[in-house]
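Trainee: Could you walk me through this chain before I start my own notes?
Mentor: Gladly; have the sequence and the model open while we talk.

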Amino acid sequence: MSAPTKGRHWPGLWFGLALFACGFGVLAESGVSQVQVDAQLDREQWPAQPTAPALLALNPVRQVLSHFESTQGYRITIRYAGGDAGKYWARDLRNWLVSFGVPLSDITVEPAAGPLEGLQLMLEKANPSTTH
């Protein structure tokens with residue numbers, strides 16, 4: 001067995017690096033998003049009689065709206081715990097966001113994949129293939 005010579009590379013090294021780089025390209029195209037804001041809205045925070053001033057006073061709502069207004073190419077995702085109550089609450093929040101000027105096409109409402117208390121509000125970089 002001879003000692004490696006100076007300047008000689010392992011044959012599999014370049015192949016491995018090429019696969020690694022291709023993996024990043026696939027990830028970028030696969031819809032993996034960049035999250036700008038990830039906030040939790042608890043049921044206790046939600047006013048019994050929702051009004052525009054009361055909702056705009058909620059920190060998670062303010063965070064999402066202020067970042068949405070100051071950036072382009074982002075979408076708002078509202079995730080809710082399973083069940084009708086969570087779905088209706090998420091849709092209510094979506095309707096309020098639309099009344100605050102967010103285009104309906106920039107809001108996604110979806111059930112959470114895991115356990116969730118309240119609503120999760122996320123501002124994510126829009127995937128070009130999903131924009132309208």
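What follows is a conversation about the fold, the sheet and the aromatic residues of this chain.

Trainee: What kind of model am I looking at, and which elements does the chain have?
Mentor: This is a predicted model, and its chain holds four helices and four strands. Read from the N terminus on, the elements come in the order α-β-α-α-β-α-β-β.

Trainee: In what order do the strands sit in the sheet?
Mentor: The sheet is open and has the order β1-β4-β2-β3, with mixed pairing. At its edges are β1, residues 35-41, and β3, residues 107-111, each of which pairs on one side only. On average, neighbouring strands of this sheet are turned by 20° against each other, if direction is ignored.

Trainee: OK, and where does the mixed pairing show up around β2? How many bridges join β2 to β3?
Mentor: Strand β2, residues 74-80, is joined to β3 by five bridges, and these two strands run parallel. With β4, in contrast, β2 pairs in the antiparallel sense, over seven bridges.

Trainee: Which residues could I click on to see that? What is the bridge partner of Arg79 in β3?
Mentor: Arg79 has Glu110 as its bridge partner in β3, and Ile78 is partnered with Val109 in that strand. For the antiparallel side, look at Tyr80, which stands opposite Leu119 in β4.

Trainee: Why is β2 described as largely enclosed?
Mentor: Six of the seven residues of β2 are buried, so the strand is largely enclosed by the rest of the structure. For the chain as a whole, 26% of the 132 residues count as buried.

Trainee: Switching to helices, which strands does α3 lie across?
Mentor: Helix α3, residues 59-70, lies across β1, β2 and β4, the last of these spanning 119-125, and it runs at about 160° to β1. Helix α4, residues 84-99, lies across β1, β2, β3 and β4, and its direction is at about 155° to β2.

Trainee: What share of the contacts comes from residues far apart in sequence, say 24 or more positions?
Mentor: Among contacts with a separation of 6 or more, 80% are between residues 24 or more positions apart.

Trainee: Now the aromatics: how many pairs are there?
Mentor: The count comes to two aromatic pairs. One of them is formed by Trp46 and Trp89, an edge-to-face pair with 5.8 Å centre to centre and 75° between the planes. This pair links distant parts of the chain, since Trp46 is in the loop between β1 and α2 (52-56) whereas Trp89 belongs to helix α4, 43 residues apart.

Trainee: Are those two tryptophans, Trp46 and Trp89, buried or exposed?
Mentor: Trp46 and Trp89 are both buried. Trp89 has a further partner in Arg43, whose charged end sits over the Trp89 ring at 4.1 Å from its centre.

Trainee: And which residues make the tilted pair?
Mentor: Trp96 and Phe100 form the tilted pair, at 5.9 Å centre to centre and with 35° between the planes. Phe100 counts as partly exposed, because its relative accessibility is 22% and buried would require under 20%.

Trainee: Last one, what does the accessible surface of the chain come to?
Mentor: The accessible surface is about 8,800 Å², and 58% of that belongs to carbon and sulfur atoms.

Conventions. Residues numbered from 1 in each chain as written. Predicted model: local features only at pLDDT ≥ 70, side-chain atom pairs only at ≥ 80, totals over all residues. Heavy atoms only, no water. Pairing = 2+ DSSP bridges. Axes fitted to C-alpha atoms, helices over the stretch in contact; angles between N-to-C directions. Contact = heavy atoms within 4.5 Å. Buried < 20%, exposed > 50% of the residue type's maximum accessible area, 1.4 Å probe, protein only. Areas by Shrake-Rupley, 256 points an atom, 1.4 Å probe, with all protein chains shown as cover. Phe/Tyr/Trp six-rings, centres within 6.5 Å; stacked < 30°, edge-to-face > 60°. Lys NZ or Arg CZ within 6 Å of the ring centre and 35° of its normal.
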